[in-house]
Amino acid sequence: MGKIIRKRYDLPLVQNAEDNAKGDFELDKHTARVRGLLLTSDRDEMLYHRGTVQILLNGEEVIPDEYHTKLLMSGLGVAPKNRYLPMDHAPGNGILKAIYTDSNSAVQGFDPYTVSIYLEIELEEDAQ
C-alpha cells in the first residue's frame, strides 16, 4: 500500500440562501486510490442543517445528487482515524467535481459560509 495523504478542496463561498457552490478539482497526479471522504465548513451548523451535495470522481457519481451533507460530517466524539467515509475509488482522469446546494431551513437561518471537502488519498508506491 502506498503512502496516505489528506487533501483539502474548498468550494466557492455560499453567499446567498439557496445558492449552489460548484468546484472542479484536479487530484494529485500520483493518486492511486481515493480511500475516504469528509465534509466540513467554517460554519458547521449551516452545513449540517442546510446542505446537500453531489460528488463525482472521474465522471462517476460517488455521492448521489441531493445527499444530505450531515451524513458526511464527523463530530468531536469521533476519533481522528475514523472520521472519513471509507471508499475505494481509482482516480481515473483525476478530476473531482462537487456541487453543493444550500436549502432553506426552519432550524437554521442563513449566513455566508464555505464548504470544504477532504479526501484521504493513497499515493502510488513509487511516488513516495
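**Figure 1. Asp88 is partly exposed, with a relative accessibility of 43%, in this close-up of a salt bridge.** The model shown here and in the other views is predicted. Asp88 forms a salt bridge with Arg35, and the closest N and O atoms of the two are 2.7 Å apart. The partners come from distant parts of the chain: Arg35 belongs to strand S3 and Asp88 to strand S6, 53 residues apart. Arg35 also counts as partly exposed, because its relative accessibility is 24%, a value between the 20% limit for buried and the 50% limit for exposed.

**Figure 2. Glu122 and Arg35 are joined by a salt bridge between their side chains.** The N to O distance in this pair is 2.6 Å. Glu122 is in strand S8 and Arg35 in strand S3, so the salt bridge ties together parts of the chain that are 87 residues apart in sequence. Is Glu122 buried or exposed? Glu122 counts as buried, because its relative accessibility is 8%, and buried means under 20%. A network of salt bridges links Glu122, Arg35, Asp88 and Arg33. The structure as a whole holds 8 salt bridges. Side chains of opposite charge can pair when their charged atoms come close.

**Figure 3. Arg50 and Asp102 form a salt bridge through their side chains.** The N to O distance is 2.8 Å. Asp102 lies in strand S7 and Arg50 in helix H1, so this pair connects parts that are 52 residues apart in sequence. Are these two residues buried or exposed? Both Asp102 and Arg50 are buried.

**Figure 4. Ser105 sits in the loop between strand S7 (95–102) and strand S8 (115–123).** A polar atom of the Ser105 side chain lies 3.1 Å from the backbone nitrogen of Val107. The Ser105 side chain also reaches the backbone nitrogen of Gln108, at 3.2 Å. Which residues does Ser105 touch, if those up to four places away in sequence are not counted? They are His49 and Arg50. Arg50 is the residue whose side chain meets that of Asp102 in a salt bridge.

**Figure 5. Strands S1, S8, S3 and S6 form an open sheet of 4 strands, in that order and with antiparallel pairing.** The edge strands are S1 and S6 (85–89), and each of them pairs on one side only. Neighbouring strands in this sheet are turned against each other by 25 degrees on average, direction ignored. S1 and S8 are paired over 7 bridges, and the bridge partner of Ile4 in S8 is Glu122. S3 and S8 are joined by 9 bridges; Ser41 stands opposite Val115 in S8. Between S3 and S6 there are 3 bridges, and Val34 stands opposite His89 in S6. S8 is largely enclosed by the rest of the structure, because 8 of its 9 residues are buried. In a regular strand the side chains alternate between the two faces of the sheet.

**Figure 6. A second view of strand pairing shows S2, S7, S4 and S5 in an open sheet of 4 strands, in that order.** The pairing is antiparallel. S2 and S5 are at the edges with a single partner strand each, so one side of each has no neighbour in the sheet. On average, neighbouring strands here are turned by 10 degrees against each other, direction ignored. S2 and S7 pair over 7 bridges. The bridge partner of Asp24 in S7 is Lys97.

**Figure 7. The largest nonpolar core has 28 residues.** Which residues have the most contacts inside this core? They are Ile55, Leu96, Tyr100, Val115, Ile117 and Leu119. At least two core residues come from each of strand S1 (4–10), strand S2 (20–26), strand S3 (31–41), helix H1 (44–50), strand S4 (51–57), strand S5 (60–68), S7 and S8. S8 supplies the largest share of the core, 5 residues. Apart from its neighbours within four places in sequence, Ile55 is in contact with residues including Leu37, Val62, Ile63, Leu96, Ala98 and Ile117. The contacts of Ile55 also include Glu60, Glu61 and Lys97.

Definitions and conventions: Residues are numbered from 1 along each chain as its sequence is written. This is a predicted model: local features need pLDDT of at least 70, side-chain atom pairs count only at pLDDT 80 or more; totals for chains, interfaces and linings use all residues. Side-chain values use heavy atoms; hydrogens and water are left out. A polar contact is a pair of N or O atoms within 3.5 Å; within protein, one must be able to donate a hydrogen and the other to accept it, and residues adjacent in sequence count only if both atoms are side-chain atoms. Contact means heavy atoms within 4.5 Å. A nonpolar core is a set of buried Ala, Val, Leu, Ile, Met, Phe, Trp, Tyr and Cys residues joined through side-chain atoms within 4.5 Å. Buried means under 20% relative accessible area, exposed over 50%, partly exposed in between (1.4 Å probe, protein chains only). Two strands pair if DSSP finds at least two bridges between them. Axes are lines fitted to C-alpha atoms, for helices over the stretch in contact, and angles run from 0 to 180 degrees between N-to-C directions. A salt bridge is a side-chain nitrogen of Lys or Arg within 4 Å of a carboxyl oxygen of Asp or Glu.
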